[in-house]
Amino acid sequence: MTTPFDPIVLGGKHLANRVAMAPMTRSRAFGPGAEPTELMATYYAQRASAGLIVTEGIQPSPVGQGYPDTPGLHTPGQVRAWRAVTDAVHREGGVVFAQLMHTGRVGHPSLLPDGLVPVGPSAVAAKGQVYTHEGPKDFVTPRELSEADIRRTIADFAEAARNAVAAGFDGVEIHGANGYLIHQFLTPNSNLRTDAWGGGTEGRIRLAVEVATAVAEAIGSHRVSLRISPGNPYNDIAEDAPDQVYLALLDRLAGLDLAYLHLLEGPNRDLTARLRKSWPGAFIINPFTHPDATGPEALQLIEDGTADMVAYGALFLANPDLPRRLATGGPFNAPDPATFYGGDHRGYTDYPALTA
């Protein structure tokens, strides 16, 4: 029987265990230029005993930023600053992937430079608000991306992936979940297009497929992964019957030989089983445990074959040496909800109920 503490080879990297650190937005790039800080290097190095660290979401372009103080990977300064983070993780024996996250319509013009506004597949505003330096603000109607804009966005992901490798990351995870840009294209209530980037299933999965393909061509498929969250309603997403779209997406991506698929699970464990069966490569699950944080019992998902690795969020915030504590049965520090929303150096997770 496979155990959570058996090694695994993922994307050509030998991982010490099957406990992953889930990506969590921390908003700690306080300085000019959306560059990582020394605090971030310390934070990730403290958690390097994870089999795999997936970083917070990193914007691949200026317009991809949706939250205050989130880092980018689109300038030379950002690449240099991330190198300090990856070096710190590698000195501790860790493996770290950069999550590339374009937030699309999620965000606000006050967070963007040079008069930019949020963009999306269609000019449809999300219901709700986003946190800014001036406090919560309503989401705005995004500018609909043109064909040329979409091509530029795909190129931005590929270039950010090259920058990630230059910065010392072991690979990248493309964020196709949580109601951000790629998820917005997958979803009928945010993608009203009737051209080749919308309409039926093939059109709606096209951006995810082309981004993954372009990034794989840029840095090698063994360094590339994708995160999805079928049925996740966060950021005003409505997917009543996601099965067809996501099974089609996995079918199109299967031939790319990506490093792994990362599922942010919803309440439908039957869909999880179908996705697992359809995916030919490594399968990481961030299990649905709402309203609680994922606990030690989730390790059974590795033992029973539901997944190859389990990703932890909130428990990793509270327990930097989480793999050791899981192996010995604790004790565990209880996650403090205050650290999700501003209590920890202004950091917060973008969806603690499902991310953690």
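Reader: Over residues 5-329, how far apart are the end C-alpha atoms?
Author: Over that stretch the chain is 33% helix and 18% strand (DSSP runs numbered from the N terminus, helices being H or I of at least four residues and strands E of at least two). UniProt lists residues 5-329 in an unreviewed entry as "domain: NADH:flavin oxidoreductase/NADH oxidase N-terminal" (positions in the numbering used here, name shortened, and the annotation may be inferred rather than shown by experiment). The C-alpha atoms at the two ends of residues 5-329 are apart by 13 Å.

Reader: Can I read this like any other structure, and what sort of model is it?
Author: Residues are numbered from 1 along each chain as its sequence is written, and side-chain values use heavy atoms, with hydrogens and water left out. Local features need pLDDT of at least 70, side-chain atom pairs count only at pLDDT 80 or more, and totals for chains, interfaces and linings use all residues, since this is a predicted model.

Reader: OK, in what order do the eight strands close into a barrel?
Author: The pairing is parallel (two strands pair if DSSP finds at least two bridges between them). Neighbouring strands of this sheet are turned by 25 degrees against each other on average, direction ignored (axes are lines fitted to C-alpha atoms, for helices over the stretch in contact, and angles run from 0 to 180 degrees between N-to-C directions). Going round, the order is E3-E4-E5-E10-E11-E12-E13-E14.

Reader: Which residue in E14 stands opposite alanine 20?
Author: Strand E3 covers residues 19-21 and strand E14 residues 309-312. They pair in the parallel sense over three bridges. Opposite alanine 20 in E14 stands alanine 311.

Reader: How many of the five residues of E12 are buried?
Author: Tyr260, His262 and Leu264 point one way from E12, while Leu261 and Leu263 point the other way. Buried means under 20% relative accessible area, with over 50% being exposed and anything in between partly exposed (1.4 Å probe, protein chains only). E12 is largely enclosed by the rest of the structure, because the number of its residues that are buried is five of the five.

Reader: Through which helix does the chain cross from E12 to E13?
Author: Five bridges join E12 to E13, and the two run parallel; leucine 264 has asparagine 286 in E13 as its bridge partner. This β-α-β crossover is right-handed (with the strands pointing away from the viewer, the path from the first strand over the helix to the second runs clockwise). The helix in the crossover is H7.

Reader: And which helix lies between E11 and E12?
Author: E11 and E12 pair in the parallel sense over four bridges, with isoleucine 228 opposite leucine 263. The crossover from E11 to E12 is right-handed too. Its helix, residues 243-253, is H6.

Reader: Which helix gives the largest share of the largest nonpolar core?
Author: A nonpolar core is a set of buried Ala, Val, Leu, Ile, Met, Phe, Trp, Tyr and Cys residues joined through side-chain atoms within 4.5 Å. Of the 80 residues in the largest one, Leu73, Leu249 and Tyr312 touch the most other members. The largest share of this core, ten residues, comes from helix H5.

Reader: Threonine 153: buried or exposed?
Author: Threonine 153 is found in helix H3, residues 147-166. Leaving aside neighbours within four places in sequence, threonine 153 is in contact (heavy atoms within 4.5 Å) with His102, Leu145 and Leu181. Because its relative accessibility is 7%, threonine 153 counts as buried.
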